[in-house]
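Good morning, colleagues. Please take a moment with the sequence and the coordinates on the screen before I comment on them.

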Amino acid sequence: MTHTDIKTDININGWIARLPSRWQSYAILMRLDRPIGWWLLLLPGWWGIVLGANGAQGMVSSDIRLMVIFFVGAVIMRGAGCIINDLWDRNLDKQVERTKTRPLASGQVSVLGAVIFLSYLLFTAFIILLMTSGVTILLGFLSLIFVATYPLMKRITWWPQAFLGLTFNFGALMGWSAATHYLSIEAFFLYAAGFFWTLGYDTIYAHQDKEDDEIVGIKSTALLFGSRSKFWVGFFYMATITLLAVSLIVAQAGLVSMVLLLLPAIHLFRQLADWEMDDPENSLLVFKSNRNFGLLVLIAIIFAQIIPKLEEVIGFDIPDISIPHIGFLVSVLQ
């Protein structure tokens with residue numbers, strides 16, 4: 001499949017096709033037709049909530065409530081971020097084959113209409129944010145600086161994917177602080193793991209548009225790395241798994257969680273093996289598979305909750321991590 005075969009990244013099938021035509025444009029403006037974006041924004045937040053609940057002696061109903069709040073918030077803020085991105089990029093989007101039919105670029109939605117809708121989304125997100133802790137609210141406001149300025153990065157640096165990593169993974173810090181009402185080193189390791197994960201998957205995503213990006217002057221790690229992109233994505237993914245492991249160790253998540261971390265590690269290895277850098281359709285499929293990676297990590301973290309309860313039921317202690325001087329390591333990192 002050649003680059004020119006891709007005509008649009010919009011999917012109007014399914015439930016969106018049943019909406020009134022005017023509503024369809026705003027749903028597409030929010031990227032509700034492509035849920036992968038809010039999954040990738042949501043999952044680090046869920047990681048933080050569940051791992052933080054482990055440190056707070058187990059999940060309770062309030063933590064389940066937080067996961068629901070973060071789900072709604074992720075969908076809304078991903079939509080808001082997309083509108084901000086499209087407002088900045090509407091003239092550039094007209095020059096890229098995959099994006100020229102987006103609502104703002106094509107004129108289906110006016111700039112004023114997009115701004116009014118964006119204001120509504122941000123107000124709704126603010127109300128949702130007030131349902132969390134004080135630390136989380138402060139982090140939410142801080143994240144808006146990154147959300148608002150991210151679209152500029154592709155114009156001034158070859159590393160816009162790094163800035164997206166800083167932006168998209170605030171959920172790890174916010175999830176942890178929402179569950180615990182404070183921040184600690186485990187949350188920052190989780191945030192760093194998400195940062196490198198985003199660097200990897202968004203480099204893969206950027207390979208869809210590298211020909212058009214080069215023509216219109218948009219910068220990306222896909223263009224920066226070129227034929228060495230697989231090496232760099234592999235490096236970023238290794239850093240992701242390493243930092244996730246450190247986070248779990250410091251949080252004393254347990255041996256089973258550490259063993260289960262092998263599953264997302266294998267998933268990332270398969271991504272690299274399956275990725276065809278010069279095939280836009282393949283790059284999109286590999287990029288989308290990162291939802292499954294995030295869910296596998298979540299499962300590994302959840303087992304830190306399940307094992308203590310299982311030990312109570314069976315009356316048998318499941319062996320914990322056995323690493324020399326682990327107690328010293330944990331005390332130093334904390």
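Let me begin at the surface of what is, I should say at once, a predicted model. Leu122, Phe123, Phe126, Ile127, Leu130, Met131, Phe141 and Leu144 together make a nonpolar surface patch of about 680 Å². Two elements each give two or more residues to this patch, namely helix H5, residues 111-129, and helix H6, residues 134-156. Which of them supplies the largest share of the nonpolar patch? It is H5, with four residues. Ile127, one of the patch residues, lies in helix H5. Its relative accessibility is 37%, so Ile127 counts as partly exposed.

I turn now to helix packing. As a general matter, two packed helices are described by the angle between their axes and the distance between the axes. For helix H9, residues 185-206, and helix H12, residues 229-250, the angle is about 160° and the axes lie 8 Å apart. Because an angle over 145 degrees counts as roughly antiparallel, H9 is roughly antiparallel to H12. The crossing in which H9 passes H12 is left-handed.

Next, helix H8, which spans residues 170-180. How many of its residues are buried? The count is 11 of the 11, so helix H8 is largely enclosed by the rest of the structure. Among the buried residues of H8 are Phe170, Leu173, Met174 and Trp176, and the list also includes Gly171 and Gly175. Just after H8 comes His181, which takes a positive phi of about 70°.

The remainder of my remarks concerns charged side chains. The model contains eight salt bridges by the rule applied here, and I shall take some of them in turn.

In one of them, Arg34 meets Asp33, with N and O 3.0 Å apart. Are these two side chains buried or exposed? Arg34 has a relative accessibility of 12% and therefore counts as buried. Asp33, with a relative accessible area of 7%, is buried as well.

A further salt bridge joins Asp278 and Lys210, whose closest N and O atoms are 2.7 Å apart. Asp278 sits in the loop between helix H14, residues 262-274, and helix H15, residues 280-288, whereas Lys210 belongs to helix H10, residues 210-216, so the pair ties together parts that are 68 residues apart in sequence. The two partners also fall into separate accessibility classes: Asp278, at 64% relative accessibility, counts as exposed, while Lys210, at 17%, counts as buried.

Within helix H14 there is also a salt bridge between the side chains of Arg270 and Asp274, at 3.6 Å from N to O. Where do these residues stand relative to each other in helix H14? Arg270 and Asp274 are four residues apart, about one turn of the helix. In general, an α-helix has 3.6 residues a turn, so residues three or four places apart point the same way. Arg270 is partly exposed, with a relative accessible area of 48%, and Asp274, at 38% relative accessibility, also counts as partly exposed.

Finally, Arg31, Asp86, Asp93 and Arg102 are joined into one network by salt bridges that share partners.

In closing, I would draw your attention again to the nonpolar patch of about 680 Å², to the enclosed helix H8, and to the link between Asp278 and Lys210. Thank you for your attention.

Note on methods: Residues numbered from 1 in each chain as written. Predicted model: local features only at pLDDT ≥ 70, side-chain atom pairs only at ≥ 80, totals over all residues. Heavy atoms only, no water. Patch = residues over 30% accessible without salt bridge, like charges linked within 9 Å, V, L, I, M, F, W, Y side chains within 5 Å. Areas by Shrake-Rupley, 256 points an atom, 1.4 Å probe, with all protein chains shown as cover. Salt bridge = Lys/Arg side-chain N within 4 Å of Asp/Glu carboxyl O. Buried < 20%, exposed > 50% of the residue type's maximum accessible area, 1.4 Å probe, protein only. Axes fitted to C-alpha atoms, helices over the stretch in contact; angles between N-to-C directions. Parallel < 35°, antiparallel > 145°, perpendicular 65-115°, else oblique. Left-handed = near helix turned anticlockwise from the far one by under 90°.
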